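Please read the following points alongside the sequence and the coordinates. They are set out as numbered remarks, beginning with the cysteines and ending with a single residue of interest.

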Amino acid sequence: MNISALKKVKALFLDMDGVLWTDKKEIGNLQEVFEAIKSSGLKVLFGSNNATRTPEEYCEKLASFGVHVSPEQFFTSGIATIYQLRKDFPQGPKVYVFGSPSLKKLLRDNGFEVTEENADVVLASLDREINYEKISRAMIEICEHGAKFYATNTDSTFVTENGWRPGGGVMVNCVETCTGVKPFVIGKPNTVMIKMACEANGLSKDEIMAVGDRYETDIMGGLNFGCPTGLVLSGYETAETLSKLDPKPDLVCKDLAELVNTLQNL
Ligand SMILES: [Mg+2]
């Protein structure tokens, strides 16, 4: 661990599932953790690959744990998708969403036309109501109408109260398999989200730490961006899986409370 590099950190780019909560259950005492973050002067930005909720819904979820934040602090893969699509299609694309109702709402709220046919873009994401018709529609839009293929994330699994379940990557794979087309992936380990968070908050690469529970997305995303990284062992990775991974994150802590405490006492 390079202590002088970690001392420059002014903001945490926090993953949520497996860091803040396991589905509906908070990890540790979030109210206390966020009070400690506030007193340390660190800024909090949220960067989750999970695109099934809007920033407002995440604010409500955090408020239920006594933590009050604002929608501007969220840079989820859904939000970053909007940023990327505006850049790639300045005229405003028509989007076929193979994803959750919240993702459709987020796109509509941001002025995008969500369509069932003749789309410019197929956007694949976690869809708990996946069916053959939706996969066929995505295939038709890409193969017959020339729509470009985007994915909010390719996570293989995500954690629920009852254990690990299939993630958005499963929907992406369905479309990729039948079309033979690889998507532009927005989520971590790509750097669209963290870049956007830094630009919006005037932060440089050495001032933000990518924090998460999963090496292949959260930590690789930070390494790809070139910022400090912090792994918490409250979710996906364990001391055993970590021992096989290289390079190691700059910080490895049991949970977010310990990570904040470590940064505070450098
Ligand atoms: Mg996670």
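How far is the sulfur of Cys-143 from the closest cysteine sulfur, and in which residue does that sulfur lie?

1. The model is a predicted one, and the remarks below should be read with that in mind. The closest cysteine sulfur to that of Cys-143 belongs to Cys-178 and lies 6.7 Å away, which is too far for a bond, given that a disulfide requires the two sulfur atoms to be within 2.5 Å. As for its surroundings, Cys-143 is partly exposed, its relative accessible area being 44%.

2. Cys-227 is likewise in no disulfide, since the nearest cysteine sulfur, that of Cys-198, is 7.1 Å away. Cys-227 is buried, with a relative accessible area of 7%, whereas Cys-143 is partly exposed. A search of the whole structure returns 0 disulfides.

3. Turning to the overall form, the chain contains 11 helices and 14 strands. For 266 residues a compact globule would be expected to have a radius of gyration near 18 Å, and the value of 18 Å for the chain agrees with this. Along the principal axes, the C-alpha atoms fill a box of roughly 60 × 35 × 35 Å.

4. On packing, 52% of the 266 residues in the chain are buried. Among the contacts with a sequence separation of 6 or more, 66% are between residues 24 or more positions apart.

5. On the surface, the accessible area of the chain is about 12,000 Å², and carbon and sulfur atoms account for 49% of that area. The chain carries 28 positive and 36 negative charges, and the mean positions of the two sets are 2 Å apart.

6. Leu-231 deserves a separate remark. This residue is placed in strand β13, which spans residues 229-232, and Leu-231 is buried, with a relative accessible area of 0%. Leaving aside residues up to four places away in sequence, Leu-231 touches Gly-212, Asp-213, Arg-214, Tyr-215 and Ile-219, together with Glu-237, Leu-242, Pro-249, Leu-251, Val-252 and Cys-253. Ala-80, by comparison, is 151 residues from Leu-231 in sequence, and the C-alpha atoms of Leu-231 and Ala-80 are 22 Å apart in space.

Terms used. Residues numbered from 1 in each chain as written. Predicted model: local features only at pLDDT ≥ 70, side-chain atom pairs only at ≥ 80, totals over all residues. Heavy atoms only, no water. Helix = DSSP H or I, 4+ residues; strand = E, 2+ residues; numbered from the N terminus. Rg over C-alpha atoms; globule rule 2.2 N^0.38 Å. Buried < 20%, exposed > 50% of the residue type's maximum accessible area, 1.4 Å probe, protein only. Contact = heavy atoms within 4.5 Å. Areas by Shrake-Rupley, 256 points an atom, 1.4 Å probe, with all protein chains shown as cover. Lys, Arg positive; Asp, Glu negative; His and termini not counted. Charge placed at Lys NZ, Arg CZ, Asp CG, Glu CD.
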